[in-house]
Amino acid sequence: MGLKSLVLLLPSLAVPSTCSSCKSSRPFLLAFAVSFSALPGFSFCSERNAYSPLEAMNRYLYLLLCSHIVLTTSTELPVCIVGAGASGLSAAHALEALGRHTVIFDAKDTVGGNAQNYYENDQAFYLGPLLIGNSSHPETMKIVESVDVPVTTYTPESSWIFNWTTGETWTAPETPQTPPPEFLEELQRYTENVSDELTVSTTEWFTEQKFPLLHATIMPSLIAWGYGDVDELPIFYPLSIFTPAALMGTRLRVDFHEVFQRWSRQLSRSEIHPGSKVDCIDRSEETITLYYTSSQNQNTPLQQSCSDLILAFPPTLSSLEAAGLSLSAEEHTVFSAVRTTNYFSAAVRLDTPHLSFFQITTETPYSSPEIAGQPVSVEGQYNNSDISLLYALASHSQSVEGVADVTLQTLSRINGDPTDDDAITTPVTPTDIKAFRHHPYYFPHFEADALRGGLYDLFNDLQGANRTYFTSGLNRVEHVEYVVVAAREVVQRYFST
Ligand SMILES: Cc1cc2nc3c(=O)[nH]c(=O)nc-3n(C[C@H](O)[C@H](O)[C@H](O)COP(=O)(O)OP(=O)(O)OC[C@H]3O[C@@H](n4cnc5c(N)ncnc54)[C@H](O)[C@@H]3O)c2cc1C
């Protein structure tokens, strides 16, 4: 081994291995497992996923059986996909189109990933994606049409700005039916003179390019959709989402959970394992082995052999660690630079007018609100329902309970009819919260320095190394259309030969 390869190897040894002992196909491990079986607390895969000696033996026997099957049928091994959200399902459909078999795992009991809803009285309250547009979601629209889920329009009957600390509310400025000529003029210039690097902050870019109207128009969506602090957010991401066509197109709504459920049923060469958390991945042998536990039987560890592995979830260090992936040095470099936002969605019963929309006030139309766990937008969904949807953004250090508390306090300040000056607001209690979802790995992205440092080149270089592929919002941007397209790109580029 030359000096160069040794130097390359050193960092990988330094990277903590979360799953080193799952390399269990070697016979000596049987003796190892037996001899350690008397020791209390023996961990077969990792500390976090400790297995009893009996379970360890169980795993070993599965592996023996499986390795035999692998030897005889290795050419027919499926591609394993971890994650049955928009990314994983898109990858599976694209692989099936190439004649490949897949096995898909998701820790959730149902497919759809982020696309999960709260249902009451036959009405859906979307706790994940809901907005779709002909111009902004052309590929997604084809999927929706193929599964025949209706697409609807939505317009709030009244719009309000609220101060989250005082509860003061006032009427939101009216959005003109047709954009004024000044806005159209900005739109014309919008994608000219885009900096090559695309790493400047969103605020800086809009200011430098003199786009006050576009900036003010895009801000409420950036805030409500949880994209973080615009003073830091590289303009690359907003530009990817808010294309001129998307800005001018109609925003429609669709039940994405239903779409993904129906779409998953159209898969014919795939095995889907909902309620199955992958907690150890062994890439040390020619065949990749996944170990997973099913929510129905957590005591019996299961495993699956595969030719290739697609990780279809936001690849943060902690989510990869939870999947029991032992990272290469290159993977560690890239994924330690991945940032996410701490995002929440909830369905809550309120005394506000049914189709009202409340948006948080900010210091200027161009600034982000303080990120303190408070709701940033609250929106009534149906004219015959008192349940509203809200989105909240917190710092990563804030606890889920802390965010729930701030949410209740803020809602209690605005929970009334803003058209009635004398109305008294009523407290919102935990029983009013019908569903509360935490999205801790929302919007995987790189910060400006990492973008400048060429992290996307390094990320792309990882595709295929160790027969592992990555597809999620990180590939482009967190948005159904882009994750669908990115997953297809990965499959077409690396599996179609
Ligand atoms: C509140 C909210 C609102 C949104 N609104 C919109 C919108 O209106 N329009 C739009 O276009 N986009 C919207 N988005 C973005 C969109 O939902 C995402 O871009 C998209 O769903 C991401 O899909 P994904 O498959 O990459 O990831 P996910 O949906 O996060 O799916 C990843 C899956 O991987 C599973 N997983 C992870 N680790 C493991 C493991 N170890 N073992 C087993 N399973 C594992 C998880 O359980 C999860 O189900 C919204 C997102 C949120 C959260």
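Modeller: Two strands are said to pair if DSSP finds at least two bridges between them, and in this predicted model the rule can be applied to strand β7 (residues 158–162) and β16, which are joined by 5 bridges.

Biologist: What makes β7 and β16 a pair, and in which sense do they run?

Modeller: The rule asks for at least two bridges, and 5 bridges join β7 to β16, so the two strands count as paired. They run parallel, and one place to look is Phe162, whose bridge partner in β16 is Ile360.

Biologist: Which other strand pairs with β16, and over how many bridges?

Modeller: Strand β16 (residues 356–360) also pairs with strand β17 (residues 375–380), in the antiparallel sense and over 3 bridges. With at least two bridges required, 3 bridges satisfy the rule. Two facing positions can be picked out: Phe358 has Val378 of β17 as its bridge partner, and Gln359 stands opposite Ser377 in β17.

Biologist: What makes β16 a mostly covered strand?

Modeller: A residue is buried if 20 or more other C-beta atoms lie within 10 Å of its own, and 5 of the 5 residues of β16 are buried, so the strand is called mostly covered. The burial concerns both faces, with Ser356, Phe358 and Ile360 on one side and Phe357 and Gln359 on the other, all of them buried. As background, buried residues make up 40% of the 497 residues in the protein.

Biologist: What follows β17, and how are the two strands connected?

Modeller: β17 and β18 form a hairpin with 6 residues between them. Their pairing is antiparallel and rests on 5 bridges, β18 covering residues 387–394; in that strand, Ala392 is the bridge partner of Pro375.

Biologist: Which strands are called the edges of the sheet that contains β1?

Modeller: That sheet is open and consists of 5 strands in the order β10-β2-β1-β14-β20, with parallel pairing. The edge strands are β10 (270–274) and β20 (468–470), each of which pairs on one side only. Neighbouring strands of this sheet are turned by 15° against each other on average, direction ignored. At the β20 end, strand β14 (residues 308–311) meets β20 in the parallel sense over 3 bridges, where at least two would be needed for a pair, and Ile310 stands opposite Tyr469 of β20.

Biologist: What is the order of strands in the sheet that contains β12, and in which sense do they pair?

Modeller: Here 3 strands form an open sheet in the order β11-β12-β13, and the pairing is antiparallel. Its edge strands are β11 and β13, each pairing on one side only, and the twist from one strand to the next averages 25°. Strand β12 (residues 288–294) and β13 pair over 6 bridges, with Asn297 of β13 as the bridge partner of Ser294.

Biologist: Why is Leu302 assigned to its exposure class?

Modeller: Leu302, which lies in strand β13 (residues 297–306), has 17 C-beta neighbours inside 10 Å; the buried class begins at 20 and the exposed class ends at 12, and therefore Leu302 counts as partly exposed. Apart from residues up to four places away in sequence, Leu302 touches Tyr292 and Ser294, and the C-alpha atoms of Leu302 and Tyr292 are separated by 5.3 Å although the two residues are 10 apart along the chain.

Biologist: Why does Leu184 belong to its exposure class?

Modeller: Leu184, placed in helix α6 (residues 181–189), has 13 C-beta neighbours inside 10 Å, and because a residue is called exposed at 12 or fewer, Leu184 counts as partly exposed. Its C-alpha atom lies 9.6 Å from that of Leu213, 29 residues away in sequence.

Biologist: Which residues come nearest to the ligand, and what classes make up the shell?

Modeller: Of the 36 residues around the ligand, Gly83, Gly85, Gly113, Pro129 and Leu131 come nearest. Elements giving two or more residues to this shell include α4 (86–97), β2 (102–106), β11 (276–282) and β19 (433–445). By class the shell has 18 nonpolar, 13 polar and 5 charged residues. Glycine is counted as polar, so Gly83, Gly85 and Gly113 fall in that class.

Biologist: What makes this a shell shared between domains?

Modeller: Domain 1 (19–112 + 268–337 + 448–495) and domain 2 (155–185 + 207–230 + 339–444) each give at least three residues to the shell around the ligand.

Notes. Residues numbered from 1 in each chain as written. Predicted model: local features only at pLDDT ≥ 70, side-chain atom pairs only at ≥ 80, totals over all residues. Near = placed C-beta within 6 Å. Helix = DSSP H or I, 4+ residues; strand = E, 2+ residues; numbered from the N terminus. Domains from an automatic or database assignment. Axes fitted to C-alpha atoms, helices over the stretch in contact; angles between N-to-C directions. Contact = placed C-beta atoms within 7 Å.
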